Amino acid sequence: MALPTTLTLEIVTPDRALAREEVDEVVVPGSEGELGILPGHTPLLATLKVGELWYRQGRETHHLSVAFGFVEVLPDRVTILAHVAERAQDIDIERAERARRRAEERLEKPSAQTDLDFERARIAMMKALIRLQVASRARTRV
Ligand code: ATP
């Protein structure tokens, strides 16, 4: 059987569908590390961490921030079921900056916090930093 030459990429969150496109390559923030996926990849199921997802169509790359969820990989298809995701150009930079500052304040006084509060602040910080990083890619091309 011939190997597929492209991947059908689908990205959905509980709120909306963000992508359903033919792509050449996808890089996903897996919980155990970055997963680079090309057509013909071995099937796998993995969980997602807070991170940057990007995909390539020809010479054009597209960047999204994602937080938690699952990725299913088949030889001709990648399905992302993300808890939260935004495309780079849709990220509100001022909102992410405010979230970063709030998380920083919460992390700076850990003595008054439970481990759970600290973990929540750490995740909020990671989400804010990834949003700021991904937003800065909105105007770049490889
Ligand atoms: P905030 O504290 O600013 O609300 P958050 O990390 O608590 O951020 P989430 O719970 O992850 O927000 O997301 C709630 C909704 O808001 C999701 O639909 C998410 O895509 C959207 N969202 C959160 N932050 C931003 C942002 N900076 N720009 C655009 N959309 C955002």
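Glu10 and Arg77 form a salt bridge in which the closest N and O atoms are 3.9 Å apart. Glu10 belongs to strand S1 (residues 7-12) and Arg77 to strand S8 (residues 77-87), so the pair ties together parts that are 67 residues apart in sequence. The distance falls within the 4 Å allowed between a side-chain nitrogen of Lys or Arg and a carboxyl oxygen of Asp or Glu. By that rule the count comes to 10 salt bridges. The model is a predicted one.

The two strands joined by this pair are part of a simple layout. The secondary structure of the protein comes to two helices and eight strands. Read along the sequence, the order is β-β-β-β-β-β-β-β-α-α, and the C-alpha trace spans about 60 × 30 × 25 Å along its principal axes.

The helices bring us to the charges on the surface. A patch of positive charge gathers there from Arg95, Arg98, Arg102, Arg106 and Arg120. Which helix gives the most to this positive patch? Helix H1 (residues 93-108) does, with four residues. Arg120 has its place in helix H2 (residues 115-135).

Two arginines of the patch, Arg95 and Arg102, also appear in the surroundings of the ligand. There are 13 residues around the ligand, and those that come nearest are Glu86, Asp92, Arg95, Arg102 and Lys127.

Three of these residues can be followed atom by atom. For Asp92, the partner is a polar backbone atom, which is 2.8 Å from a nitrogen atom of the ligand. For Arg102, the side chain takes part: one of its N or O atoms is 2.6 Å from an oxygen atom of the ligand. Lys127 likewise uses its side chain, with a polar atom 2.8 Å from an oxygen atom of the ligand. How much of the ligand does the protein bury? Taken alone the ligand exposes 600 Å², and the protein buries 68% of that.

Terms used
Residues are numbered from 1 along each chain as its sequence is written. This is a predicted model: local features need pLDDT of at least 70, side-chain atom pairs count only at pLDDT 80 or more; totals for chains, interfaces and linings use all residues. Side-chain values use heavy atoms; hydrogens and water are left out. Patches are made of residues with over 30% relative accessible area and no salt bridge: like charges are joined within 9 Å, nonpolar side chains (Val, Leu, Ile, Met, Phe, Trp, Tyr) within 5 Å. Accessible areas come from the Shrake-Rupley method with a 1.4 Å probe; for residues, only the protein chains shown count as cover. Lys and Arg count as positive and Asp and Glu as negative; His and the chain ends are not counted. The place of a charge is taken as NZ of Lys, CZ of Arg, CG of Asp or CD of Glu. A residue is near a molecule or strand if one of its heavy atoms lies within 4 Å of it. A polar contact is a pair of N or O atoms within 3.5 Å; within protein, one must be able to donate a hydrogen and the other to accept it, and residues adjacent in sequence count only if both atoms are side-chain atoms.
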